[in-house]
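I opened a new notebook page today to get to know a structure I had not seen before. Here is what I looked up, entry by entry.

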Amino acid sequence: MRNLNLQYSLLFLLLVGCSFGSSKMIRSGVRTDLSNDRKEVVSGVQQLLGIPYRYGGKDKRGFDCSGLTQYIFKTIEIDLPSTAETQSRLGKEINLTKVSPGDLLYFKRSKLGRVFHVSIVVSNDSEGIKVVHSTSTGVTMDNISKSKYWSSKVIGARDVLSN
């Protein structure tokens, strides 16, 4: 009996230990349809186009960039941290040429700088990579591939949906 209790205790610690971490995302439900998650993220973020920028904003009164991603991913039961920098450490790194709708792109002002911005990929095709993000002009869609400003600052992409 003592050995059985020890086994249950070890199993409990193993399971609990896997769910904690300061820079880990929390998925509160078991999801099996990844393509549907991607569609929900893209559809949801496109519905927010035109909402104004608000520093620290995390709701429909106004968003900053990481507040927007946090808000959208929460709709599919994924809790993201509150800053672009901490979000940039999550998920699986992806080559920019292979990003899919729902992936996150990250930006730095300089090679040695910190991540200052995050956006959500809505398409990646022969026209380029289109994202929705919250900038000083509010929630907007941009073609990162054709933007002189954003294309020079993009530093990577991560898939936080496939985890």
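**Entry: helix 3.** I began with helix 3, where eight of the ten residues are buried, so this helix is largely enclosed by the rest of the structure. I count a residue as buried under 20% relative accessible area, as exposed over 50%, and as partly exposed in between, with a 1.4 Å probe and protein chains only. The buried ones are Cys65, Ser66, Gly67, Leu68, Thr69, Gln70, Ile72 and Phe73. My helices (H or I, at least four residues) and strands (E, at least two) are DSSP runs, numbered from the N terminus.

**Entry: ground rules.** This is a predicted model, in which local features need pLDDT of at least 70 and side-chain atom pairs count only at pLDDT 80 or more, while totals for chains, interfaces and linings use all residues. Residues are numbered from 1 along each chain as its sequence is written, and side-chain values use heavy atoms, with hydrogens and water left out.

**Entry: Thr69.** Next I picked a residue in helix 3, Thr69. Is Thr69 buried or exposed? Thr69 counts as buried, because its relative accessibility is 1%. Its side chain reaches the backbone oxygen of Ser66 at 2.9 Å, and it also makes a polar contact with the side chain of Gln87 at 2.7 Å. For me a polar contact is a pair of N or O atoms within 3.5 Å; within protein, one must be able to donate a hydrogen and the other to accept it, and residues adjacent in sequence count only if both atoms are side-chain atoms. Leaving aside neighbours within four places in sequence, Thr69 is in contact (heavy atoms within 4.5 Å) with Leu80, Gln87, Leu104, Val118 and Ile120.

**Entry: the cores.** Which residues have the most contacts inside the largest nonpolar core? They are Leu68, Ile72, Phe73 and Leu104, in a core of 25 residues. Such a core is a set of buried Ala, Val, Leu, Ile, Met, Phe, Trp, Tyr and Cys residues joined through side-chain atoms within 4.5 Å. Helix 2 (34-46), helix 3, strand 6 and strand 7 each give two or more residues to this core. Apart from it lies another core, of twelve residues, including Val99, Leu105, Val131 and Val154.

**Entry: Val99.** I followed Val99 into the loop between strand 5 (92-94) and strand 6 (104-108). Val99 is buried, with a relative accessible area of 4%. Its C-alpha atom is separated by 6.6 Å from that of Asn124, although the two residues are 25 apart along the chain. Beyond four places in sequence, Val99 touches Ile94, Leu105, Val121, Asn124, Ile129 and Ala157.

**Entry: Ser123.** I then looked at Ser123, in strand 7 (residues 115-125). Ser123 is buried, at 18% relative accessible area. Among the residues that Ser123 touches are Pro101 and Lys130.

**Entry: a hairpin.** Lys130 led me to its bridge partner in strand 9, Asn143. Strand 8 (residues 128-135) and strand 9 (residues 138-143) run antiparallel and are joined by six bridges; I call strands paired if DSSP finds at least two bridges between them. These two strands form a hairpin with two residues between them.

**Entry: Glu77.** My last residue was Glu77, in the loop between helix 3 (65-74) and strand 4 (78-79). Glu77 has a positive phi of about 65 degrees although it is not a glycine. Glu77 counts as partly exposed, at 34% relative accessibility.

**Entry: the whole chain.** To finish, I noted that the chain has five helices and ten strands. Buried residues make up 41% of its 163 residues.
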